[in-house]
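Q: Hi! Could you walk me through this structure? I'm still new to reading these.

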Amino acid sequence: MAVEVGKIYEGKVASVVPFGAFISLPEGNTGLVHISEVASSYVQNVADHLKEGQDVKVKVISIDENGKVSLSIKKAIPEEKKTKKAFSKEQPKGPIRPADIDWQSLKTQSTDMSFEDKMNKFKSDSDERMQALKRSSDSKLSGGYKR
């Protein structure tokens, strides 16, 4: 049985390389998970996410005319696990993208608040983010030198 595009398979990490990981699939097939398909967050080093011999679920994205199989780990994850909390009090590790926001919970939260409360919340959130941005840019501008 050959692998089929769109199906999810159980595989084992055969080797980790700087640009991704090779996965051993059933029936002796092998495919590549590109670094951009390892996780839904930014991946700088594949070895931080995958280890040789690790069992993983992968989705077959494509099979080219030469028989090379392209795989994705992040597309094999069910949708429920991909959703993140709307806004937390913790500072995000990177920029907030619209896909990271749970819009439904924000909608239900906002109907309970008056306009003035919404504006005050927006202002306090904005002030917190501006302070974090200023601290970040100040540390970068100083170059790490202390006089």
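Q: How many bridges join strand 4 to strand 5?
A: This is a predicted model, and in it strand 4 and strand 5 are joined by 4 bridges and run antiparallel. Within that pairing, Val60 has Leu71 in strand 5 as its bridge partner.

Q: And what about strand 3 and strand 5, parallel or antiparallel?
A: Those two run parallel, with 3 bridges joining strand 3 to strand 5, which covers residues 69–72. One pair to look for is Leu32 with its bridge partner Ser70 in strand 5.

Q: Which strands close up together, and in what order?
A: There are 5 strands that close into a barrel, in the order 1-2-3-5-4, and the pairing is mixed. From one strand to the next, the twist averages 50°.

Q: Okay, strand 2 and strand 3 now. How many residues sit between them in the hairpin?
A: The hairpin has 5 residues between strand 2 and strand 3. The two strands pair in the antiparallel sense over 5 bridges, and Ile23 has Gly31 in strand 3 as its bridge partner.

Q: Which residue in that turn has a positive phi?
A: That's Glu27, with a phi of about 65° even though Glu27 is not a glycine. You'll find Glu27 in the loop between strand 2 (20–24) and strand 3.

Q: Is Glu27 buried or exposed?
A: Glu27 counts as exposed, because its relative accessibility is 60%.

Q: Where do the side chains of strand 3 point?
A: They alternate along the strand. Gly31 and Val33 point to one face and are buried, while Thr30, Leu32 and His34 point to the other face and are not buried.

Q: Let's switch to charges. How many salt bridges does the whole structure have?
A: A search of the whole structure finds 4 salt bridges. One of them is between Lys12 and Asp55, whose closest N and O atoms are 3.2 Å apart. Lys12 lies in strand 1 (residues 8–17) and Asp55 in strand 4, so this pair ties together parts that are 43 residues apart in sequence.

Q: How exposed is each partner there, Lys12 and Asp55?
A: Lys12 counts as partly exposed because it has 40% relative accessibility. Asp55 has 53%, so it counts as exposed.

Q: Which salt bridges should I look for in helix 3?
A: Try Lys121 and Asp125, whose side chains meet at 3.1 Å, N to O. Both lie in helix 3 (residues 115–142), 4 residues apart, about one turn of the helix. Then there's Lys123 with Asp127, where the closest N and O atoms are 3.2 Å apart. Lys123 and Asp127 are separated by about one helical turn, because they are 4 residues apart in helix 3.

Q: Why can side chains like that pair up?
A: Opposite charges can pair when the charged atoms come close.

Q: What about Glu37, is that one buried or exposed?
A: Glu37 is buried, yet it has no salt bridge. The nearest side chain of opposite charge is Lys75, 4.1 Å away, and a salt bridge needs the nitrogen and oxygen within 4 Å.

Q: So what does the Glu37 side chain have a polar contact with?
A: With the side chain of Ser72, at 2.5 Å. Glu37 itself is in the loop between strand 3 (30–34) and strand 4 (55–63). Leaving out residues up to four places away in sequence, Glu37 touches Ile61, Leu71, Ser72, Ile73, Lys74 and Lys75.

Note on methods. Residues numbered from 1 in each chain as written. Predicted model: local features only at pLDDT ≥ 70, side-chain atom pairs only at ≥ 80, totals over all residues. Heavy atoms only, no water. Buried < 20%, exposed > 50% of the residue type's maximum accessible area, 1.4 Å probe, protein only. Lys, Arg positive; Asp, Glu negative; His and termini not counted. Polar contact = N/O pair within 3.5 Å; in protein donor to acceptor, adjacent residues only side chain to side chain. Contact = heavy atoms within 4.5 Å. Pairing = 2+ DSSP bridges. Axes fitted to C-alpha atoms, helices over the stretch in contact; angles between N-to-C directions.
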